[in-house]
Amino acid sequence: MPGQPLPLPPMPGQRLARGTGRMLRSMDHAVLTEFVPARGLRVDVISLGPKGELWIVECKSGRADFRSDRKWQGYLEWCDRYFWAVDGDFPVDLLPEDTGLIRADAFGAEILRMAPETRLAGARRVKVQRDFARAAALRLQGLCDPDAFIAGAF
C-alpha cells in the first residue's frame, strides 16, 4: 500500500546494512547488499561512489558474529576502502584499527573512523564495477519483471 513503511529487516546484520546503505546513499554512493565479488566471498554491503571508488562494509551484530568471520581479510583485495558497521553496544576494541568503523542502526549510520584507502588495480576495478552493474541491473529487472527469471526464459 503506498505510503506504508516497509517492515524492518528481521536479522540484526540486515538492519545494520539498511542503515549503512542509507548513509552511503546520502554520500551519493550506489549501494548493493549481499554482493559476491568472487567465488566463495559474499560481502554485506558494497558501494560505488561518484568517482568510481568501491567500498565494502561488513556488518557485525556482536562479538560471536565477528569472531566467527574467517573471510573478511579476503574482501580487502576487492575494494578501495574497507569498513565494519556495528551498533552502539558492539565492543569496538575487537576491530582492527587499520579498518574503517561505522556506527549504524536500521535507520542510519555515521562514519566514526575513515578507512585507509588502498586503490584497486585497474583490471580488478573494471571487473568489480562490471559485476556491480550486472548485479544491480538483474536485481532491478527481477523487481520489474519477476517472470523473466523463470527457467528457460533466456
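Me: Does Asp145 count as buried, exposed or partly exposed?

Reply: This is a predicted model, in which local features need pLDDT of at least 70 and side-chain atom pairs count only at pLDDT 80 or more, while totals for chains, interfaces and linings use all residues. Residues are numbered from 1 along each chain as its sequence is written, and side-chain values use heavy atoms, with hydrogens and water left out. Asp145 is found in the segment after α4, where helices (H or I, at least four residues) and strands (E, at least two) are DSSP runs numbered from the N terminus. Buried means under 20% relative accessible area and exposed over 50%, with partly exposed in between (1.4 Å probe, protein chains only), so Asp145, at 37% relative accessibility, counts as partly exposed.

Me: How far apart in space are Asp145 and Gly52?

Reply: Along the sequence, Asp145 and Gly52 are 93 residues apart. From C-alpha to C-alpha, their separation in space is 29 Å.

Me: In what order do the six strands of the open sheet stand?

Reply: Strands of a sheet pair through backbone hydrogen bonds, either parallel or antiparallel, and two strands are taken to pair here if DSSP finds at least two bridges between them. β1 and β2 run antiparallel, joined by five bridges, whereas β4 and β5 (residues 100-105) pair in the parallel sense over four bridges. The open sheet of six strands thus has mixed pairing, and its order is β1-β2-β3-β4-β5-β6.

Me: Which strands stand at the edges of this sheet?

Reply: From one strand to the next, the twist averages 25°. An edge strand has a single partner strand, so one side of it is left without a neighbour in the sheet, and this is the case for β1 and β6.

Me: How many residues lie between the two strands of the hairpin formed by β5 and β6?

Reply: β5 and β6 (residues 108-113) run antiparallel and are joined by five bridges, with Ala104 standing opposite Ala109 in β6. In the hairpin that these strands form, the number of residues between them is two.

Me: At what angle to β1 does α4 run?

Reply: α4 spans residues 122-144 and lies across β1, β2 and β3. Axes are lines fitted to C-alpha atoms, for helices over the stretch in contact, and angles run from 0 to 180 degrees between N-to-C directions. By that convention, the angle of α4 to β1 is about 85°.

Me: Which residues of the largest nonpolar core touch the most other members?

Reply: A nonpolar core is a set of buried Ala, Val, Leu, Ile, Met, Phe, Trp, Tyr and Cys residues joined through side-chain atoms within 4.5 Å. The elements that give two or more residues to the largest core are β1 (30-35), β2 (43-48), β3 (54-60), α3 (72-75), β4 (81-86) and α4. Among the 23 residues of this core, those that touch the most other members are Phe35, Ile46, Ile56, Tyr75, Tyr82 and Leu95.

Me: Which residues does Phe35 touch, not counting residues up to four places away in sequence?

Reply: Contact means heavy atoms within 4.5 Å. With residues up to four places away in sequence left out, Phe35 touches Leu41, Arg42, Val43, Ile46, Val128, Asp131, Phe132, Ala135 and Arg139.

Me: Which element gives the most to the lining of the largest pocket?

Reply: On a 1 Å grid over the protein atoms alone, a pocket is an open set of points where a 1.4 Å probe fits, with protein on both sides within 12 Å along at least five of seven lines, and lining residues have an atom within 4 Å of a point. The largest pocket holds about 760 Å³ of space, this volume being the space filled by probe spheres set on the points, which are joined across faces, edges and corners. Of its 26 lining residues, Gly13, Gln14, Ala17, Thr33 and Glu34 lie nearest the centre. With seven residues, the element that gives the most to the lining is α1.

Me: What is the phi of Glu34?

Reply: Glu34 lies in strand β1 and is partly exposed, with a relative accessible area of 44%. Although Glu34 is not a glycine, its phi is positive, at about 50°.

Me: What distance separates the C-alpha atoms of Arg22 and Ala106?

Reply: Arg22, in helix α1, touches Ala106 and Phe107, not counting residues up to four places away in sequence. Arg22 and Ala106 are 84 residues apart along the chain, and their C-alpha atoms are separated by 9.0 Å.
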